[in-house]
Amino acid sequence: MRIALFAALIILLNGLFSYLTNLPQDVGLDVPDGKLNSLSFAPFREGQSPLLLQFPTPEQIDEDLQLMADKTHTIRTYSSTEGMKVIPELARKHGLKMIQGAWIGYLDADARLEIEALVEAANKYPDVIKRVIVGNEVLLRGEREPQELVEYIREVKKRVKQPVSYADVWSMYMKYPDLIKEVDFITIHILPYWEDEPIAVEDAPAHIERIYKQVRKEAETISPGKPILIGETGWPSVGRQRGWAIPSVVNQAAFTRSLLKVAADNHFDVNIVEAFNQSWKSELEGVIGANWGLFSVDREEVFPLTGKVYENVKWFNQFLIATFLMVCCAFFYAKKLQNLLTLKVVFFLVFIQILGSLLVFQADKSWYTSYDNWQRAKAVLIVFLNIAVVGLLMHRASNLLTHEKTKKGIALALNVVYFIVIVLALYKTYLLAVDGRYISFPFELSALPVVGLVGLFCIRCLVNRQIILSNINFSRLMGANLLSNQQHKHIGWLILFYATGLVVGEFHAFMIGRDFIQAYPDLAERLSLAIAFTLTNIQLLGWLGCLTILAMSFLVRTKQH
């Protein structure tokens, strides 16, 4: 009864904590009528990809456009061939206008097909297609020379009645200002998250306003009065932090609403990227590239355009599953813990509640950010690894509290799973250091093992009635001394070496950014900003914290048994 009472109390406190940390948040003014002016539309679903020529069916596109009719007045498309040919007719059915795009890449034959399809659609559906865009970020990708694009633009202008443009990041129009003379309207992409100098979400609307006015000033000297469309702007809901730019659902909603207010105040023409999360982009741009949508890949709303916003709408289901795990574990260990002091019982129950909640949260997030069978297989393996870690940690914690010796097989298994975690963590750290632009910090891999080490350390301090650093020694925490102190030292320093390399890699990525160098030609100023962006990255600091705790457990010396 005592254990059941404490377990119930801890569950209630966990529920209160979950509730308070997931309250709906006010993110600014509602979008007028709950509809955007324009929204990028790529109708690909899970298992579909333009890279593999796997396209949605007309029925699926029709379903998507029905959703869009309630969220936007206009859609922007990027291709006119393959499965995209049906979009104008279906858009007419749902009362949507279009900014129709033609995808221009390396191959002349493919570009020719796109141009012909764009011209045909624009002339066939003039009531739907109000503007056309020839090429998207072609210069940024380095797939064409400016003059080649100009030739395509001129051809399309002769063959359609709609205004014609080319779309690229704003800096490309600054680099190639002659493009301004060729287009009927200027289409620029301003993505504060992806800037070489990442912008915090609260500063993003002002940044977009500044860039817009900068482009406007340049355009006025070349072609006065030419309209400007912000063809892409948005914010990711999930993924790695860059500098002060933090992806989250609340930030995505706050960015969208605050941007639209700035756009309305300044009469900007804006297209938001994008309608649906694009799972196929995860192969190119990781988790961050797949999560810019108003809807998930499963067509579930990520955030509303009106009202308050939840960061984690699944928190209550996660709480229920964590509660079930807590009850099962408390029941399983009740007999073993029944004669312990109250403080030790409470400590153990809090420990398993934290482990259970983290396990459920990380498992759900890993599954949500997995978009194909291979990614899901990896997510399942990590979940099973975490389950093994949690089970072994609870057994070891109960033994420490009851002064029972941990069986050699259990201690060996605990060592093995931790070494697996360390190897995988070092591998991911290496990837992050070398080129981490599209790689998320792998907390789903390290959070539970690191929290487990901290928990075992606290339990050892409680049992020994003294807080001493040697209590975090890896061998003592695991219950077996498989390696020598020298080997432990090598592992600890290796982890710290990788952590240092990650800091250097993150710092270097900022220093070599082209736009960053142009914005801050003074080396000292650039150095100070790069250091600030690196050392104030909360996710980076969290990952460095995980590595440091792992390293400390190996570097703290203890006598050989």
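Student: Which word fits Phe316: buried, exposed or partly exposed?
Tutor: This is a predicted model: local features need pLDDT of at least 70, side-chain atom pairs count only at pLDDT 80 or more, and totals for chains, interfaces and linings use all residues. Residues are numbered from 1 along each chain as its sequence is written, and side-chain values use heavy atoms, without hydrogens and water. Buried means under 20% relative accessible area, exposed over 50%, and the range between is partly exposed (1.4 Å probe, protein chains only). Phe316 has a relative accessible area of 42%, so Phe316 is partly exposed.

Student: And Phe319, buried or exposed?
Tutor: Look at the relative accessible area of Phe319, which is 14%. That value makes Phe319 buried.

Student: Which helix holds both Phe316 and Phe319?
Tutor: Helices are DSSP runs (H or I, at least four residues), numbered from the N terminus. Phe316 and Phe319 sit three residues apart, about one turn of the helix. Their helix spans residues 315–337 and is H12.

Student: How are the rings of Phe316 and Phe319 arranged: stacked, edge-to-face or tilted?
Tutor: Rings of Phe, Tyr and Trp (its six-membered ring) pair if their centres lie within 6.5 Å; planes under 30 degrees apart are stacked, over 60 edge-to-face, the rest tilted. Here the centres are 6.1 Å apart and the planes are at 35°, so the pair is tilted.

Student: How many aromatic pairs does the whole structure hold?
Tutor: Ring pairs also link Tyr193, Trp194, Trp235, Phe255, Trp292 and Tyr438 into a cluster. A search of the whole structure gives a total of 27.

How values were computed. Helix = DSSP H or I, 4+ residues; strand = E, 2+ residues; numbered from the N terminus.
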